[in-house]
Amino acid sequence: MDYFLLAMRNDDLDEFHINEENCRSRLFDAMKADFDRFGPLSKQRVLEAIEFILSSGQFEQFWGYVVPQSVSLDEVEDKPAYLRALYERLSGQAPPRYDFGSDVEVVSTINPPGIDIRE
């Protein structure tokens, strides 16, 4: 879905500021057009990935999966708001809210019992 940015010329990228509403709107419109061509399973996986990043709170760790690192862009000032707006543009609805509290941490491995308990 990042083809819009990858296809820009350097001059166009210099004038593109991801924190400006009109630039972000153009990007999200292009992403939505690409997203609409995906099959149902691919759409579901994209939305679930955004939901996961939002619910994990680990924006810095997973940011490279959301914004292409090969394109020189301004730093997104409010990453959670960016992801919520992207989710809403793609799906037409607000992302579900998951609040697991401070006792739950998202980890990339699961122990044999299936739950990572930290005391």
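Which helix gives the largest share of the lining of the second largest pocket? That share, three residues, comes from H4. The model is a predicted one, in which local features need pLDDT of at least 70, side-chain atom pairs count only at pLDDT 80 or more, and totals for chains, interfaces and linings use all residues. Residues are numbered from 1 along each chain as its sequence is written, and side-chain values use heavy atoms, with hydrogens and water left out.

The second largest pocket (on a 1 Å grid over the protein atoms alone, an open set of points where a 1.4 Å probe fits, with protein on both sides within 12 Å along at least five of seven lines) has a volume of about 210 Å³, taken as the space filled by probe spheres set on the points, which are joined across faces, edges and corners. Twelve residues line this pocket, with Leu54, Arg84, Pro96, Arg97 and Tyr98 nearest its centre; lining residues have an atom within 4 Å of a point. Both H4 and helix H6 (79-91) supply at least two of them, helices being DSSP runs (H or I, at least four residues) numbered from the N terminus.

H4 (residues 40-56) also gives the most to the lining of the largest pocket, with five residues. About 250 Å³ of space lies there, and Val46, Ala49, Ile50, Tyr65 and Val66 are nearest the centre.

Val66 returns in the largest nonpolar core, among the residues with the most contacts inside it, alongside Leu27, Tyr82, Leu83 and Leu86. Beyond its neighbours within four places in sequence, Tyr82 is in contact (heavy atoms within 4.5 Å) with residues including Leu27, Trp63 and Val66.

How values were computed. Helix = DSSP H or I, 4+ residues; strand = E, 2+ residues; numbered from the N terminus. Core = buried A, V, L, I, M, F, W, Y, C linked by side-chain atoms within 4.5 Å. Buried < 20%, exposed > 50% of the residue type's maximum accessible area, 1.4 Å probe, protein only.
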